[in-house]
Amino acid sequence: MAIIARSMDLPAVTGITGIKHGDKLIINGKTGEIIIDPTEAEIEQYQALQEELRQRREALEKYRGTPGKTLDGRHIELFANIGLEMDIPKAAESDAEGVGLFRTEFLFMNRNSAPTEEEQFAVYKKAATAFGKRPVIIRTLDIGGDKEIPYMGLEKEENPFLGWRAIRYCLDNEDVFSVQLRAILRASAFGTVKIMLPMISDIRELRQAKALINKIKNELAEQGIAFDNNISIGIMIETPAAAVMAGAFAREADFFSIGTNDLTQYTMAVDRGNLKVAGLYSEYNPAVLRLINNIANEALKNNIPCGICGEAGADPLLTKFLIGSGISELSMTRSSILEVKSVISEMNYSEVKTKIADSIDRLADVEESIEFLKGL
Ligand code: PEP
Ligand code: MG
């Protein structure tokens with residue numbers, strides 16, 4: 001719901017009780033506050049805030065069409081996250097230089113059976129064509145965890161986030177996975193498509209997926225069906241195992257994209273949907289920052305691109321840290337791109353890089369991290 005609301009530019013706040021049908025509300029999506037039956041003064045105050053926001057958006061327009069570049073010339077790709085078919089034209093017309101995360105599970109939702117190869121191909125082709133030379137990173141099916149799809153045969157599990165999810169499900173259901181991979185490969189003939197595998201925790205999963213992709217490529221070639229034979233195959237880094245082993249993964253993956261939503265959840269051992277433990281969930285926790293830094297360093301050493309496609313990518317407080325760590329691409333909801341670009345345009349990559357190297361090991365808690373991030 002949060003992902004869809006964001007893609008529709010709707011402010012959203014969750015986990016609130018005590019609202020009656022018909023109550024007048026002010027929803028502050030930025031702070032997570034709700035005001036029930038606001039006073040005239042509160043309404044005026046929020047209208048003024050809305051106007052301020054509108055002016056800030058207008059001021060950011062000067063960045064539209066300019067490349068994301070630091071003061072010392074490091075180019076950062078700014079990509080859009082998409083999920084629904086209707087996101088494709090909006091993202092293609094936005095300032096995005098590509099798609100950094102196409103969440104394909106939305107194609108499987110709100111229906112009674114899995115989309116066929118033709119149905120999937122049509123959507124992937126639409127994205128590839130709309131973006132042309134700009135890359136479109138299509139993430140293979142990431143179901144399980146909090147993403148239930150009734151007809152996919154997922155049984156109730158004690159710990160769904162630690163269970164049969166994403167790549168694990170796909171490798172065990174080769175028929176479902178192959179249909180999707182064929183559709184993606186066929187779409188790759190129409191633009192710059194890349195394949196991204198979610199929830200990788202063991203390098204054998206990457207190897208197995210690559211072997212299957214090769215098999216499907218051979219079949220397509222035999223059938224005379226066009227596809228991009230050099231298609232990049234990357235992985236999401238969203239488990240601590242993959243984060244720690246980033247060096248080994250970087251030698252076998254074409255690119256990384258860090259899924260900070262799950263990486264935070266798994267690092268902090270906090271269910272990202274459980275309000276009782278939400279206080280522990282923070283991308284600013286030094287444990288998460290150190291892992292991100294390690295992943296980006298390993299990617300740099302091995303000469304592969306490393307992006308961010310979790311919510312952290314759209315957080316201006318984290319932007320300098322991410323870029324200074326070596327992240328070369330940020331993917332986010334399209335409405336955040338200009339703001340993040342403005343932060344990038346005002347920073348010096350080498351300076352921030354040195355500051356991070358000097359301080360990151362000293363951070364002990366979230367408050368210290370926030371101070372450190374502000375000081376970059
Ligand atoms: C993430 O985990 O950060 C991510 C981008 O994937 P999702 O939010 O779809 O799990
Ligand atoms: Mg994830």
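**View 1. Asn 81 is a buried residue of this predicted model.** Let us start with Asn 81, which has a relative accessible area of 14% and therefore falls under the 20% that sets the limit for buried residues. Asn 81 belongs to strand 3, which covers residues 77–82. Two partners are worth finding here. The side chain of Ser 331 meets the side chain of Asn 81 in a polar contact of 2.6 Å. A polar atom of the Asn 81 side chain also lies 3.2 Å from the backbone oxygen of Cys 309.

**View 2. Ligand 1 has a polar side-chain atom of Lys 147 at 2.9 Å from one of its oxygen atoms.** Do look for Glu 238 as well: an N or O atom in its side chain is 3.0 Å from an oxygen atom of ligand 1. Gly 259 takes part through its backbone, where a polar atom is 3.4 Å from a ligand oxygen. How much of ligand 1 does the protein bury? Ligand 1 exposes 290 Å² when taken alone, and the protein buries 100% of that.

**View 3. The second largest cavity is where ligand 1 sits.** Two elements each give two or more residues to the shell around ligand 1, namely strand 4 (99–103) and helix 10 (260–268). Helix 10 contributes the most, with three residues. There are 15 residues around ligand 1, and those that come nearest are Arg 103, Arg 139, Lys 147, Gly 259 and Asn 261. What is the make-up of this shell in nonpolar, polar and charged residues? Eight residues of the shell are charged, four are polar and three are nonpolar.

**View 4. Thr 104 is buried, with a relative accessible area of 0%.** You will find Thr 104 in the loop that runs between strand 4 and helix 4 (117–131). The side chain of Thr 104 is joined to the side chain of Gln 180 by a polar contact of 3.0 Å.

**View 5. Asp 9 and Met 199 each have a positive phi of about 60°.** Why might a backbone angle of this sign catch the eye? Most residues other than glycine have a negative phi, so a positive value is a departure from what most of them show. Asp 9 is not a glycine, yet its phi is positive, and the same description holds for Met 199. Asp 9 is placed in the loop between helix 1 (2–7) and strand 1 (25–28), while Met 199 lies in the loop between strand 6 (192–197) and helix 7 (203–222). Are these two residues buried or partly exposed? Asp 9 has a relative accessible area of 45% and is partly exposed, whereas Met 199 is buried, at 1% relative accessibility.

**View 6. Leu 317 is a residue of helix 12.** The helix spans residues 316–325. Leu 317 has a relative accessible area of 24%, so it counts as partly exposed rather than buried, the limit for buried being under 20%. How far from Leu 317 is Ile 43, in sequence and in space? The two residues are 274 residues apart in sequence, and their C-alpha atoms are 28 Å apart.

Technical notes: Residues numbered from 1 in each chain as written. Chains lettered and ligands numbered in written order. Predicted model: local features only at pLDDT ≥ 70, side-chain atom pairs only at ≥ 80, totals over all residues. Heavy atoms only, no water. Near = heavy atom within 4 Å. Polar contact = N/O pair within 3.5 Å; in protein donor to acceptor, adjacent residues only side chain to side chain. Areas by Shrake-Rupley, 256 points an atom, 1.4 Å probe, with all protein chains shown as cover. 1 Å grid on protein atoms, 1.4 Å probe; cavity = no way out; pocket = protein on both sides within 12 Å on 5 of 7 lines; lining within 4 Å. Sits in = over half its atoms within 2 Å of the grid points. Helix = DSSP H or I, 4+ residues; strand = E, 2+ residues; numbered from the N terminus. Nonpolar A, V, L, I, M, F, W, Y, C, P; charged D, E, K, R; others polar. Buried < 20%, exposed > 50% of the residue type's maximum accessible area, 1.4 Å probe, protein only.
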